[in-house]
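Trainee: Got a minute to go through a model with me? I'd like to get a feel for the fold before I set anything up.
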Amino acid sequence: MKLSLNILFILSSIAFATSLSLSDNSFTSPVDIDTTTTDQKDGITLMVEPNPFTPNGDGINDVVSFRVDGNTHLPVIYIYRSDGKCVFSAMGPMPVWDGRDKQGRDMETGGYIYQLEVDGYIFTGVINLIR
Ligand SMILES: [Ca+2]
């Protein structure tokens, strides 16, 4: 009896820890679905929104935009898969990614690494794609 109680306690602790880590995860909360990631270096601000984004054609959060505030040249954005393969790149005043690769194929749900280069600065982070 004592043993099974201990197991129950451990299981409930794991469940509690799991629910804690899930509640910290912006994926699982619909309230946090429209979020902005901001990064700043020497007066240049990068705003990535929305993160996560949902390229399913419903008109809501279908593209992620990379907005650079500051007096800069045109930024270049590179998107990498978790295996390191570059799947997308673009240059422009406010590059956007629609969740497709260079060949126009839909990329799967998951975390992608973005690297934005502007005026010798490199901003990196993770953009989350959800289908
Ligand atoms: Ca959408």
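Trainee: Okay, which residue in strand 2 is the bridge partner of Gln40?
Mentor: That's Thr45. Keep in mind that we're looking at a predicted model.

Trainee: How many bridges are there between strand 1 and strand 2?
Mentor: Five, and the pairing is antiparallel, with strand 1 covering residues 37-41 and strand 2 covering residues 44-49.

Trainee: And what sits between those two strands?
Mentor: Two residues, so to speak the turn of a hairpin. Asp42 is in that turn, and its phi is positive, about 45°.

Trainee: Which sheet do these strands belong to, and in what order?
Mentor: An open sheet of four strands, ordered 1-2-3-6, with antiparallel pairing. Strand 1 and strand 6 (96-97) are the edge strands; each has a single partner strand, so one side of each has no neighbour in the sheet.

Trainee: How many bridges join strand 3 to strand 6?
Mentor: Two, and the strands run antiparallel. As an example, Val64 has Trp97 in strand 6 as its bridge partner.

Trainee: Remind me, what actually holds paired strands together?
Mentor: Backbone hydrogen bonds, and the pairing can be parallel or antiparallel.

Trainee: Switching topic: where are the cis peptide bonds around Pro50 and Pro52?
Mentor: One joins Glu49 and Pro50, with omega about -10°. Another joins Asn51 and Pro52, with omega about 5°. Pro50 lies in the loop between strand 2 and strand 3 (64-69), and Pro52 is in the loop between strand 2 and strand 3 too.

Trainee: What else is in that loop that I should look at in the backbone?
Mentor: Asn61 lies there. Its phi is positive, about 55°, although Asn61 is not a glycine.

Trainee: Is Asn61 buried or exposed?
Mentor: In between: Asn61 is partly exposed, because it has 18 other C-beta atoms within 10 Å, and buried would take 20 or more.

Trainee: Which residue between strand 7 and strand 8 has a positive phi?
Mentor: Asp119, which is in the loop between strand 7 and strand 8. Its phi is near 50°, and it's a residue other than glycine. Asp119 counts as partly exposed because it has 14 C-beta neighbours inside 10 Å.

Trainee: Now the sheet with strand 7 and strand 8, what's the strand order there?
Mentor: It goes 5-4-7-8, an open sheet of four strands with antiparallel pairing. At the edges are strand 5 (86-91) and strand 8 (121-129), each with a single partner strand, so one side of each is left without a neighbour in the sheet. On average, neighbouring strands of this sheet are turned by 20° against each other, direction ignored.

Trainee: How many bridges join strand 4 to strand 7?
Mentor: Five, between residues 76-80 of strand 4 and residues 110-118 of strand 7, and the two run antiparallel. In that pair, Tyr80 has Ile113 in strand 7 as its bridge partner.

Trainee: Zooming out, how many helices and strands does the protein chain have?
Mentor: One helix and eight strands. Going from the N terminus, the helix is followed by the strands: α-β-β-β-β-β-β-β-β.

Trainee: And what share of the residues counts as buried?
Mentor: 17% of the 131 residues in the protein chain.

Trainee: Last one: how many of the contacts reach far along the sequence?
Mentor: Taking contacts between residues at least 6 apart in sequence, 45% join residues at least 24 apart.

Conventions:
Residues numbered from 1 in each chain as written. Predicted model: local features only at pLDDT ≥ 70, side-chain atom pairs only at ≥ 80, totals over all residues. Buried ≥ 20, exposed ≤ 12 C-beta atoms within 10 Å, placed from the backbone. Contact = placed C-beta atoms within 7 Å. Pairing = 2+ DSSP bridges. Axes fitted to C-alpha atoms, helices over the stretch in contact; angles between N-to-C directions.
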